[in-house]
Amino acid sequence: MNVHFETKKAFSIAGLTAPNSQSGDFSGLWNKLFAQVPHEILTSLGSGESFGTCYNYHTIPNNFNYMAGYSALLPEKAREMGLEVLDIPEAEYAIIKLTGPIPASIHRGWEFVFDEFFPAHGLRHAGTPDHEYYLPGDMQSSDYKMELWVPITRE
């Protein structure tokens, strides 16, 4: 898989959260978000970028909060619409480029990160929020492109 490293400045995401989630398919949360706020309005809150963000990792394996959201340069406006706002700290990320339909490509990407990439590079997950970064296109297409942004720390 294609991987590069990049430091991202702090940013904010506005959306809806599924608390204490198990890893899986979060399409229902995305549908709830779009039912509450239309896509066109969500994209107007910031840069138009959309994220599936995992955060607040707990001690139970694969237990975390998952936010379906969009870049938020206008957090107060987002809160007025009933959205939660998550502030993401500056972090160094391993950015993994994925190709294929979701969620299968995401699951393959995480398997690669933990089974191959981390052990080969002496890295580990930093414990801060990680992101599914969605690019435009048909998410069920075999050539759909997206990225995983994995916060890293060196061992």
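## Tyrosine 134 and its surroundings

In this predicted model, tyrosine 134 touches Trp30, Ser50, Phe51, Gly52, Tyr66, Ile102, Ile106, Met139, Tyr144 and Met146, leaving aside residues up to four places away in sequence. Tyr134 is also among the residues with the most contacts inside the largest nonpolar core, together with Leu33, Tyr66, Leu83, Ile96 and Ile106.

## The nonpolar cores

The largest nonpolar core comprises 36 residues. Two or more of its residues come from each of the elements β2 (11–22), α1 (27–36), β4 (63–71), β6 (91–99), α4 (104–121) and β9 (145–154). Of these, α4 gives the most, with six residues. Apart from this core lies another, of 12 residues, including Phe11, Tyr55, Ala91 and Trp149.

In soluble globular proteins, nonpolar side chains tend to be buried together.

## Serine 12 in strand β2

Serine 12 is found in strand β2. Is this residue buried or exposed? Serine 12 counts as buried because its relative accessibility is 16%, under the 20% limit.

Beyond residues up to four places away in sequence, serine 12 touches Tyr70, Ser71, Ala72, Val85, Leu86 and Asp87. With aspartate 87, the side chain of serine 12 makes a polar contact, side chain to side chain, at 2.6 Å. These two residues are 75 residues apart along the chain, yet their C-alpha atoms are separated by 4.4 Å.

## Salt bridges

How many salt bridges does a search of the whole structure find? The search finds four, and three of them are described here.

One joins the side chains of lysine 8 and glutamate 6, with an N to O distance of 2.8 Å. Lysine 8 is buried, since its relative accessible area is 17%, whereas glutamate 6, at 30%, is partly exposed. Another salt bridge is formed by arginine 79 with glutamate 76, whose closest N and O atoms are 3.0 Å apart. Both residues belong to helix α3 (residues 75–80) and stand three residues apart, about one turn of the helix. Arginine 79 has a relative accessible area of 39% and is therefore partly exposed.

## A link between strands β9 and β6

The side chains of glutamate 147 and lysine 97 meet in a salt bridge of 2.9 Å, N to O. This pair links distant parts of the chain, as glutamate 147 lies in strand β9 and lysine 97 in strand β6, 50 residues apart. Glutamate 147 is buried, because its relative accessible area is 11%. Lysine 97, with a relative accessible area of 37%, is partly exposed.

Terms used:
Residues numbered from 1 in each chain as written. Predicted model: local features only at pLDDT ≥ 70, side-chain atom pairs only at ≥ 80, totals over all residues. Heavy atoms only, no water. Core = buried A, V, L, I, M, F, W, Y, C linked by side-chain atoms within 4.5 Å. Buried < 20%, exposed > 50% of the residue type's maximum accessible area, 1.4 Å probe, protein only. Helix = DSSP H or I, 4+ residues; strand = E, 2+ residues; numbered from the N terminus. Contact = heavy atoms within 4.5 Å. Polar contact = N/O pair within 3.5 Å; in protein donor to acceptor, adjacent residues only side chain to side chain.
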